[in-house]
Amino acid sequence: MIGDIRETKECQLKDPMDLFHSGQVVKICAPMVRYSKLAFRTLVRKYRCDLCYTPMIVAADFVRSAKARDSEFTTNKGDHPLIVQFAAKEAQVLCDAARIICPFADGIDLNCGCPQRWAISEGYGACLINKPELVKDMVRHVRSQIDNPKFSVSIKIRIHEDLKRTVDLCQKAEAAGVSWITVHGRSIEERHQPVHYDAIKTIKQSMSIPIVANGDIKTLKDAENVHHLTEADGIMVARGLLANPAMFAGYEETPFQCIQDWVDIALEHGTPFTCFHHHLMYMMERITSKQEKKVFNVLSSTSAVLDYLNDHYGV
């Protein structure tokens with residue numbers, strides 16, 4: 001990581017807010033555990049993704065441990081604009097993490113949406129939507145301690161059953177200087193229920209900062225529909241991009257060139273086999289038969305995967 005990071009110091013960091021002022025809907029790759037790492041970010045950027053997030057990083061570990069920093073965060077010159085997402089519950093810890101990351105990224109995002117039990121039991125993630133004063137305090141602290149005015153501070157939230165509480169949270173964050181807010185249109189309890197796009201629209205209409213819509217967006221057509229329904233300034237996609245990293249470029253399913261690009265990028269970055277293979281399983285889900293999946297999904301080495309792709313697809 002350190003070699004990569006030194007390189008980055010020489011490059012010009014970008015102002016993510018410029019994207020929101022461009023007049024175009026901002027196309028965003030979501031923070032995904034294990035998956036939205038440097039190699040995958042490099043791939044989706046080739047296919048018209050405007051802004052990428054890292055996977056969520058626990059701020060306290062990041063601040064405390066050089067080992068955690070090395071394993072959790074890698075970047076390079078082309079990896080911009082980049083938002084680093086942190087799980088935090090104390091303003092100063094988030095500030096310390098932001099200060100470390102500031103020379104190498106374009107902004108930080110506070111995770112207020114992760115519904116996993118471990119995160120909530122630790123005081124991270126979605127439980128923060130019930131602590132608007134703490135969220136406000138964390139945003140304000142980072143704003144006051146980071147000198148770079150172009151460095152963005154955003155939050156990603158879920159909604160409350162009572163939407164007035166969500167609007168109140170967002171307005172408090174806006175007053176503290178938050179750059180934009182990503183809204184996953186489900187409550188903490190909801191997993192696979194329909195996304196409440198009407199709630200995202202209500203939040204958008206209550207705010208003067210950019211709002212990003214998130215939840216169940218699988219295709220570029222979905223993204224356009226959600227933009228129309230919510231009037232959001234940006235669209236954030238997770239699983240849709242895993243299944244088709246070329247989605248934002250208008251492809252209905254993963255093109256073979258994208259698979260070839262992933263192979264080249266992953267090998268260049270030294271991507272661990274499990275991650276390399278899992279991404280391919282996602283990408284090829286819609287374009288392979290059940291029989292082909294049975295064979296491909298149990299391959300156990302990079303060379304076996306490369307042989308299979310070469311024999312079957314000429315990749």
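How far apart do the C-alpha centres of domain 1 and domain 2 lie? In this one, it's 29 Å. Before I go on, keep in mind that we're looking at a predicted model.

Okay, the layout. The domain assignment splits the chain into domain 1, covering 16–249, and domain 2, covering 256–313. There's also a record to put beside that: an unreviewed UniProt entry places a feature called "domain: DUS-like FMN-binding" at residues 29–292. If you take that span in the model, its end C-alpha atoms sit 28 Å apart, and it comes out as 46% helix and 14% strand.

Now, the interface. On the domain 1 side, 16 residues are in contact with 13 residues of domain 2. Together the two domains bury about 1,300 Å², and 66% of that is on carbon and sulfur atoms. So what builds the domain 1 side of it? Two elements give two or more residues each, namely helix 3, at 38–46, and helix 12, at 239–243. Helix 3 gives the most, with six residues. By residue type, the domain 1 side breaks down into ten nonpolar, three polar and three charged.

What about the polar side of things? How many salt bridges run between domain 1 and domain 2? Zero. What you do get between the domains is four residue pairs in polar contact, counting pairs with both residues at pLDDT 80 or more.

Salt bridges do turn up in the model, though: the count comes to eleven. One I'd like to show you is arginine 45 with aspartate 79, where the closest N and O atoms are 3.1 Å apart. Arginine 45 lies in helix 3, while aspartate 79 is in the loop between helix 5, 66–72, and strand 4, 82–87, so this pair ties together parts that are 34 residues apart in sequence. And yes, that's the helix 3 we just met, the one giving six residues to the side of domain 1 that touches domain 2.

Stay with that loop for a second, because I've got some backbone geometry for you. Proline 81 also has its place between helix 5 and strand 4, and the peptide bond from histidine 80 to proline 81 is cis, with omega near -5 degrees.

One more for the torsion fans. Arginine 34 has phi near 75 degrees, a positive value in a residue other than glycine. You'll find arginine 34 in the loop between strand 1, 26–29, and helix 3.

That's my tour. Over to you for questions.

Notes: Residues are numbered from 1 along each chain as its sequence is written. This is a predicted model: local features need pLDDT of at least 70, side-chain atom pairs count only at pLDDT 80 or more; totals for chains, interfaces and linings use all residues. Side-chain values use heavy atoms; hydrogens and water are left out. Domain bounds come from an automatic or database domain assignment. Contact means heavy atoms within 4.5 Å. Buried area is the accessible area (1.4 Å probe) that two parts lose on being put together, summed over both. A salt bridge is a side-chain nitrogen of Lys or Arg within 4 Å of a carboxyl oxygen of Asp or Glu. A polar contact is a pair of N or O atoms within 3.5 Å; within protein, one must be able to donate a hydrogen and the other to accept it, and residues adjacent in sequence count only if both atoms are side-chain atoms. Helices (H or I, at least four residues) and strands (E, at least two) are DSSP runs, numbered from the N terminus. Ala, Val, Leu, Ile, Met, Phe, Trp, Tyr, Cys and Pro count as nonpolar, Asp, Glu, Lys and Arg as charged, and the others, Gly among them, as polar. UniProt positions are given in the numbering used here, feature names are shortened, and annotations may be inferred rather than shown by experiment.
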